[in-house]
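Trainee: Before we accept the labels attached to this model, I would like to go through the reasoning behind some of them with you.

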Amino acid sequence: MAARAALRPRPTTDDPRPTPLRGAARLGTPRSLRGDAWRRFRRNHLAIAGAAYLVLLVGVAAFAPAIAPQNPVRTDVKVAGAYRQAAWVEDANPKRTGSWEYPLGTDSVGRDVLSRLVYGARVSLLVGFLPAVAILAIGVPIGLVAGYLGGLVDGLLMRITDVVYAFPALLFFIVMQVALGETRFGGMLNGLVLLLVTLSVLSWTGIARVVRGATLELKEAEFVLAARSGGAGIGRVIGRHVLPNALAPVIVAAAFLAPGAIVAEAILGYLGIGIRPDVALDAPLPSSWGTMIFDGYRAWQSQAWMLIAPSLAVALTTLACTFVGDGLRDALDVREGR
Amino acid sequence: MLRFVLRRVLWVVPVVLVVAAITFALMHRAPGGPWDRVKPIPAATRANLDAKFGLDKPIWINPGALRAERDRGTVNPFVLGRAFADSQFLNYLGNLVLFDFGPSYQSRGTTTVQEIIGAKFPVSAKLGMVGLVFAVVVGIPLGVLAALRQRSWVDHLTLAVSTVGVAVPSFVIAIMLLIVLSRRFGVSPLRRPEEWDGLGRAYLLPGIVLGLGVLAVLVRLTRSSLLEVKRQDHVRTARAKGLAEGMVVRRHMLRNGLIPIVTVLGPAGAELITGSIIVETIFNVPGLGREFVDAIAARDYSMIMGTTLFYAALIALANVAVDVAYGYLDPRIRRA
């Protein structure tokens, strides 16, 4: 029963006041758990703002060619000027004075910073989303199997989890990128494939532990016992009874995977071992915020926006993800992990 | 308790072993050798260098040496075992026990990795301490204050600041500070090399930036933990028997509420270390983090590997220290 109780609407730790009954509840109409969660999520303005920002970002990434004012790859120093300042900045050199044709200025070879930023959203969203899916695909089964079977299997899987957990993530990312960056595999899609793999193979430990904990609790629950005594096989019990009830903490943990991955991409880019810039004029993924930070850091004294723009983009995106994650945690009533 | 401590400490050994094996395997897959220069060096010199540093030996195990030793008629199992283990990886492990990480390839073998760590780590350690002290001294009182005055403006402000602190990566904050300080106020946050010798003002700004992430986590956790304790029966009992409010807070709320705080100090150690890699390069701090970044740029594999292992062992030890402290503070943990 404990697991069901975890999903029941209950004042969150932040808000001890009883939830006022409104609308349907007062009339006694049954409300679904999901509907309750959505209602609580909607009341959290920051979470809604974060979600709206992320939707906007997906739109920007999808329609990048229509939104970007310039081609993000074309280098044309003669027209664009190298290190042209942002539009509102005056400069003694007319070639460097800001122009609204290049709203955030240009980089060392005359590429438009705003356009590169717009296209960079694509890589950041891929990096935030795909590894999270892979991590769930690894972590959830491990947690379920370990928690449900228990015994030797549990001991073995959890010892592996402990060792992987102890490996400092960023150091592992760095070693992976350095070691495999120049191999054939590391060159696929300019290093994007390697980066996605790097970000996926290590971080499943948190998910596995959360799922295992929930499974341990759920497998003693009456409804699981009922399903088993009704003759349900192990696959059915896990898939239909345990997993759906263990989802709340998994969703919350997953929401926090995306910002971590986006920051990791930015850090690896800043260290110069992230994705390599694509120079093809029609490249679908010509730039990433991480590599822009790498370029910008080398030029911040002449064109500060080259560094400020991608840094702000990373910060805003992680902030939005955190708001959404916090909102989900409160809405699904999951206690902050320790 | 002794058993618990021992088990935890011994747990570091397999962790470091696995980390070493994975790093070693990955570094071996990396293209380019340690002697690659713009001008290729002659094959004979290369062979000599390989022999000198043992790079001509097999990578994981050395069955060839075992066979050769047996053919010579050796029966001593120790000698046979030593021959079998005479490989690059096992020799590296053996040297690790003696804190010998081998030569730095970038320096062409004139400096060893442990010399560089010995010279550069103190600066990083001081920086990390400044960050940690800042985070603890500011973060915990802020969290307590926010919890005691829940839903006041102090609480909202603290929550807002700590949410931003958790979400915004420290390197973005460092970059923004660097740009704002030097362009708006004309103060360069970069310091001369000699200013890093003692524990001077130089450490203040990068230390604070490094500590911000930990601070934000501490504030949030202190607040939520105290809010939980605040509503518990023993606190109500303490109030009911007429204890002064200060006494209730200190003796009944803080004592229980601060125990979970210890658990974040492990991840905090990891965050301070990885954070220092970035913060040191941005603020030009002559510490191990910057040295690590230089080694990445120069593809100095032995230095990358040595530093990775050093950091990994440090983080593993920090986690052990946290576990032990937690077991000491909360006896229920010891049985788990």
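Trainee: How many residue pairs in polar contact does the rule find across the interface of chain A and chain B?

Mentor: In this predicted model, the rule finds 5 residue pairs in polar contact across that interface, with both residues of each pair at pLDDT 80 or more.

Trainee: What makes the pair A:Asp326 and B:Arg220 a salt bridge?

Mentor: The side chains of A:Asp326 and B:Arg220 meet at 3.1 Å, N to O, and the rule asks for a Lys or Arg side-chain nitrogen within 4 Å of a carboxyl oxygen of Asp or Glu, so the pair qualifies. Across the interface of chain A and chain B, the rule finds 1 salt bridge.

Trainee: Which helix of chain A gives the most to the side that touches chain B?

Mentor: Helix 16 of chain A does, with 12 residues, and by class that side of chain A has 31 nonpolar, 6 polar and 11 charged residues. The two chains bury about 4500 Å² between them, 74% of it on carbon and sulfur atoms, and the contact takes 48 residues from each of chain A and chain B.

Trainee: Turning to a single residue, why is B:Asn91 called buried?

Mentor: The relative accessibility of B:Asn91 is 19%, and buried means under 20%, so B:Asn91 falls within that class. B:Asn91 sits in helix 5 of chain B, residues 88-97, and, leaving aside neighbours within four places in sequence, B:Asn91 is in contact with B:Lys57, B:Arg82, B:Ala85 and B:Asp86.

Methods: Residues numbered from 1 in each chain as written. Chains lettered and ligands numbered in written order. Predicted model: local features only at pLDDT ≥ 70, side-chain atom pairs only at ≥ 80, totals over all residues. Heavy atoms only, no water. Helix = DSSP H or I, 4+ residues; strand = E, 2+ residues; numbered from the N terminus. Buried < 20%, exposed > 50% of the residue type's maximum accessible area, 1.4 Å probe, protein only. Contact = heavy atoms within 4.5 Å. Buried area = accessible area lost by both parts, 1.4 Å probe. Polar contact = N/O pair within 3.5 Å; in protein donor to acceptor, adjacent residues only side chain to side chain. Nonpolar A, V, L, I, M, F, W, Y, C, P; charged D, E, K, R; others polar.
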